[in-house]
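Subject: The model, and some notes on it

Hi,

Here is the structure I said I would pass on. Have a look at it first, and then read my notes below.

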Amino acid sequence: MPKNSLNVSLKGADDIFSTEESRQEQQREQVQQIPIGELFPFKNHPFKVLDDESMQRTVESVEQYGVLSPLIARPRPEGGYEIISGHRRKHAAELANLDTVPVIVRNMEDDAATILMVDSNLQREHILPSERAFAYKMKLDAIKNQGARSDLTSSQVGTKLRADEKVAKDSGESRNQVQRFVRLTNLVPELLDMVDEKKISFNPAVELSYLDEKQQQDFLEAMDASQNAPSLSQAIRIKKLAQQGEFDYDAVYNIMNEEKKSELDTVTIKNETLRKYFPRNYTPRQMESIIIKLLDQWQLKKQQAKQKKQEEAR
């Protein structure tokens with residue numbers, strides 16, 4: 001074999017091994033220090049990043065130790081990186097005035113990135129109902145986009161799990177509960193905020209999610225006028241009105257204005273009634289304090305009048 005032919009053969013082998021090493025090196029996930037300004041939130045990210053006590057503790061930790069757990073992000077076509085996991089860490093780093101944060105960059109398709117984003121955030125200790133609702137919906141849609149069914153199979157019957165069963169299995173919820181959470185995404189923002197703020201309970205909110213947007217706005221007005229939060233039975237009756245085509249403001253107000261069993265031994269004075277007697281800047285606590293004082297004075301006068309009447313009768 002000619003010498004120069006052997007050289008060509010050996011050079012080709014070196015190239016092959018070098019390419020294989022490079023390929024394996026590229027496949028290894030490496031932590032990179034990326035400027036904070038090049039990191040952008042995940043599209044339609046359902047989890048809120050709040051400046052609360054928990055965030056303040058995170059900021060203090062970052063100031064002392066830095067960001068210990070790398071973020072996960074993917075390249076954006078328009079430049080920079082989209083955060084998949086680590087939105088709170090990125091915000092804490094901003095508040096701590098860091099210039100860069102550690103990031104693992106992955107090339108991921110939309111659906112796979114969505115599932116990872118949801119799963120990584122559902123590990124948090126405190127999650128609002130609205131966050132869980134939109135997270136479950138996003139994951140359901142992503143799984144369906146990947147083929148409507150997951151690739152997990154039941155060992156007993158050998159059938160593939162439905163998308164909502166897959167979400168339920170991963171989250172530790174029942175399939176029915178996952179579907180009920182997803183129902184909340186049909187609520188108008190004002191109602192959904194009330195669920196997060198615990199002004200409306202979860203179960204009544206699920207029933208109200210079957211109302212259309214106009215009906216939900218009418219319900220909000222009736223709720224405000226009656227100064228009552230809906231019980232489950234009331235919400236079910238209001239939903240039934242809508243299904244039967246009998247929904248209107250007056251019917252909803254009458255339901256919301258009913259006395260609940262727990263309120264039969266209480267006296268309720270509507271806000272608009274009290275406002276006639278107090279300046280607009282008075283808080284409910286201030287109004288209550290003045291009402292109690294006036295009642296004490298009224299009771300004292302009654303006792304004095306009774307005592308005077310008894311003395312006159314002697």
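Helices here are DSSP runs of H or I with at least four residues, numbered from the N terminus. On that footing, Trp298 belongs to helix α14, which covers residues 284–313. Do keep in mind that this is a predicted model.

Let me stay with Trp298 for a moment. Its relative accessibility is 51%, and the cut-off for exposed is over 50%, so Trp298 counts as exposed. Together with Ile292 and Leu295, Trp298 makes a nonpolar surface patch of about 320 Å².

Now for the inside. Which residues touch the most other members of the largest nonpolar core? They are Leu184, Leu187, Phe219 and Ile238, in a core of 46 residues. Helix α5 (residues 129–145) gives this core its largest share, with 7 residues. There is another core apart from it, made of 16 residues, and Met55, Val59, Ala73 and Val103 are among them.

Leu184 is worth clicking on. Leaving out residues up to four places away in sequence, Leu184 touches Pro129, Ala133, Leu192, Phe202, Ala205 and Val206.

Then go to Thr185, which sits in the loop between α7 (175–183) and α8 (189–196). Is Thr185 buried or exposed? It is buried, because its relative accessible area is 16% and the limit for buried is under 20%. What does its side chain reach? The side chain of Thr185 comes to 2.6 Å from the backbone oxygen of Val182. Setting aside residues up to four places away in sequence, Thr185 also touches Ala133, Phe134 and Lys137. Ala133 thus turns up in the contacts of Leu184 and in those of Thr185.

Next, a strand. Ile83 lies in β4, residues 81–85, and counts as buried because its relative accessibility is 1%. Beyond its neighbours within four places in sequence, Ile83 is in contact with Leu39, Phe40, Pro41, Phe42, Leu71, Ile72, Ala73 and Lys90. One of these, Leu39, is 44 residues from Ile83 in sequence, yet their C-alpha atoms are 6.4 Å apart in space. Ala73, also on that contact list, is one of the residues in the 16-residue core.

A similar pairing across the sequence involves Glu60, which has its place in helix α2 (residues 53–65). Glu60 and Ala96 are 36 residues apart in sequence, and 7.7 Å apart from C-alpha to C-alpha. Glu60 counts as partly exposed, because its relative accessibility is 43%.

Last, a couple of backbone angles to look at. Most residues other than glycine have a negative phi. Asn44 has a positive one, near 60 degrees. Asn44 is in the loop between β2 (39–40) and α2, and it is exposed, with a relative accessible area of 60%. Gln227 also has a positive phi, about 55 degrees, although it is not a glycine. You will find Gln227 in the loop between α10 (213–226) and α11 (232–243). Its relative accessible area is 42%, so Gln227 is partly exposed.

That's what I have for now.

Cheers

Key
Residues numbered from 1 in each chain as written. Predicted model: local features only at pLDDT ≥ 70, side-chain atom pairs only at ≥ 80, totals over all residues. Heavy atoms only, no water. Patch = residues over 30% accessible without salt bridge, like charges linked within 9 Å, V, L, I, M, F, W, Y side chains within 5 Å. Areas by Shrake-Rupley, 256 points an atom, 1.4 Å probe, with all protein chains shown as cover. Salt bridge = Lys/Arg side-chain N within 4 Å of Asp/Glu carboxyl O. Helix = DSSP H or I, 4+ residues; strand = E, 2+ residues; numbered from the N terminus. Buried < 20%, exposed > 50% of the residue type's maximum accessible area, 1.4 Å probe, protein only. Core = buried A, V, L, I, M, F, W, Y, C linked by side-chain atoms within 4.5 Å. Contact = heavy atoms within 4.5 Å. Polar contact = N/O pair within 3.5 Å; in protein donor to acceptor, adjacent residues only side chain to side chain.
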